[in-house]
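Here is the note you asked for, set out as numbered points for someone opening this structure without prior acquaintance. Please keep the sequence and the model side by side while reading.

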Amino acid sequence: MATIYDVAERAGVSPKTVSRVLNQDAPVSAKTRAAVEAAMEELGYIPSSAARIMRSNRSGLVGVITGAISRHHDRHSGGGLPDMFLVQGIQHTMAEAGKTVMIADTGNRFGQVETLMRTFQEHRAEGILYVAEFHQEVSLPELKLNCPLVLVNCFDRQGTPSVLPDDEQGQYGLVKRIIAGGHRRIAYLSLQPQVIASKLRRRGYRRALEEAGIAYDAALDLAGYPDYTNRSESLLAAVEKLLTLPKPPTVLCCGNDEMVVRLYGILRSRGVKVPEEISVAGYDDHRSIAETLFPPLTTADLPYTAMGARAAQMLLDAVAGKELPRQPVIIGGDAVWRESVTDINPAKQP
């Protein structure tokens with residue numbers, strides 16, 4: 001492997017001159033710079049970053065800990081979107097800032113987190129982002145870090161800076177828009193009730209009803225049922241229950257877009273047309289699902305890319321010495337209107 005001395009000899013200059021060209025810390029003539037750069041190209045010289053890091057105390061490296069690469073689908077997930085979208089938001093922002101992202105996967109083992117944090121510190125990472133696969137509370141290892149840490153899609157009780165989705169507002173906005181279209185009988189098939197996102201979205205659903213003066217009907221709110229996303233039998237039983245009510249719903253709101261895939265099949269097996277006979281809405285705006293279903297799915301955006309970008313900017317701010325908020329930063333998404341929900345005349349509702 002070529003050294004700085006080999007480059008100096010090939011270019012006919014001193015090692016100090018080569019150093020000046022590399023670090024741009026002293027004036028060098030254009031002719032000399034061209035000779036040094038040509039010598040480096042010919043020799044295949046790759047500058048070592050270690051010395052520059054020691055001088056500037058800036059490695060340009062940022063660590064990201066995630067389970068997105070190895071994680072199997074988790075039926076308890078409140079997201080429905082792969083957390084890789086969070087990583088993409090981080091990567092884009094860091095690239096614009098000239099930082100290099102080092103991604104480490106936990107391999108589905110939470111015990112790996114401490115080891116990965118230590119490894120990033122050993123490589124002099126300027127900061128670390130911990131990315132959770134769904135909205136949750138975490139308890140990270142008590143490790144003295146020499147760099148800032150930002151949590152993404154999760155929070156802890158220590159007040160570590162974090163970025164979270166606005167699940168309540170997302171569901172509220174979607175249901176509010178559905179109500180504006182004339183619907184009054186709106187059913188909600190939620191995720192499992194212990195999931196934080198499920199609790200928040202259910203709150204948004206009820207808030208939209210209350211604001212519109214629509215009485216809450218517990219028969220339409222199936223928040224305590226088994227997992228609809230992964231068990232077709234549970235979803236089938238819920239649909240049967242809803243459609244046989246004396247006053248059945250005109251809209252079925254689902255906890256995530258994945259649930260809708262099964263729901264469409266169940267409705268078609270019963271000969272129920274979407275949206276002519278019943279409207280359907282999801283949550284996540286998982287576009288590989290929402291845009292390929294027929295009819296395309298009305299849903300709420302789970303802003304994973306924006307969350308990743310915001311968390312990355314927060315980490316950059318912390319590296320620059322800025323103080324970060326101790327309360328979680330909440331990122332909202334909009335309702336995405338497609339053809340699976342149709343406006344109706346309230347007078348024609350059952």
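**Notes on the sheets, the helix packing and some backbone details**

1. An open sheet of 6 strands, paired in parallel, follows the order β2-β1-β3-β4-β5-β11; two strands pair if DSSP finds at least two bridges between them, and the names refer to DSSP runs numbered from the N terminus, with helices (H or I) of at least four residues and strands (E) of at least two. At the edges stand β2 (100–105) and β11 (329–331), each with a single partner strand, so one side of each is left without a neighbour in the sheet. From one strand to the next the twist averages 20°; angles here run from 0 to 180 degrees between N-to-C directions, and axes are lines fitted to C-alpha atoms, for helices over the stretch in contact.

2. A word on the source is needed early: this is a predicted model, in which local features need pLDDT of at least 70 and side-chain atom pairs count only at pLDDT 80 or more, while totals for chains, interfaces and linings use all residues. Residues are numbered from 1 along each chain as its sequence is written, and side-chain values use heavy atoms, with hydrogens and water left out.

3. Within the sheet, strand β4 (residues 149–155) and strand β5 (residues 162–165) pair in the parallel sense over 2 bridges, and Leu151 stands opposite Ser162 of β5. Helix α5 (residues 84–96) packs on the sheet and touches β1 (61–66), β2, β3 and β4, its direction making about 155° with that of β3; contact means heavy atoms within 4.5 Å.

4. Strand β8 (residues 251–254) is covered on both faces, with Val251 and Cys253 buried on one side and Leu252 and Cys254 buried on the other. Buried means under 20% relative accessible area, exposed means over 50%, and partly exposed lies in between (1.4 Å probe, protein chains only). In a regular strand the side chains alternate between the two faces of the sheet. Strand β6 (residues 186–189) runs parallel to β8 and is joined to it by 4 bridges, with Ile186 standing opposite Val251. β8 and β9 also run parallel, joined by 3 bridges, and the partner of Val251 in β9 is Ser279.

5. How do helix α1 and helix α3 pack against each other? Helix α1 (residues 4–11) meets helix α3 (residues 30–43) at an angle of about 120°, with their axes 8 Å apart. That makes α1 oblique to α3, since angles under 35 degrees count as roughly parallel, over 145 as roughly antiparallel, 65 to 115 as roughly perpendicular and the rest as oblique. The crossing of these two helices, α1 and α3, is right-handed; a crossing is right-handed if the near helix is turned clockwise from the far one by less than a right angle, and left-handed if anticlockwise. On the α1 side the contact is made by Asp6, Val7, Arg10 and Ala11, and on the α3 side by Ala35, Val36, Ala39, Met40, Glu42 and Leu43. By class, this contact of α1 with α3 has 7 nonpolar, no polar and 3 charged residues, where Ala, Val, Leu, Ile, Met, Phe, Trp, Tyr, Cys and Pro count as nonpolar, Asp, Glu, Lys and Arg as charged, and the others, Gly among them, as polar.

6. Helix α2 (residues 15–23) has Thr17, Val18, Ser19 and Val21 buried, and the buried residues of α2 pack against α1 and α3. Just after α2, Gln24 takes a positive phi of about 50°.

7. The axes of helix α7 (residues 167–180) and helix α8 (residues 196–211) come within 7 Å and cross at roughly 35°, and α7 passes α8 in a right-handed crossing. The residues that meet include Tyr172, Val175 and Ile179 in α7 and Leu200, Tyr205 and Leu209 in α8. By class, the contact of α7 with α8 has 8 nonpolar, 3 polar and 7 charged residues.

8. Some backbone details deserve a check by eye. The peptide bond from Val274 to Pro275 is cis, with omega near 5°, and Pro275 lies in the loop between α10 (257–269) and β9 (279–281). Another cis peptide bond joins Phe294 and Pro295, with omega about 0°; Pro295 lies in the loop between α11 (287–290) and β10 (299–300).

9. Arg124, in the loop between α6 (112–122) and β3 (127–137), has a positive phi near 60° and is partly exposed, with a relative accessible area of 36%. Asp285, in the loop between β9 and α11, has a positive phi near 55° and is buried, with a relative accessible area of 8%.
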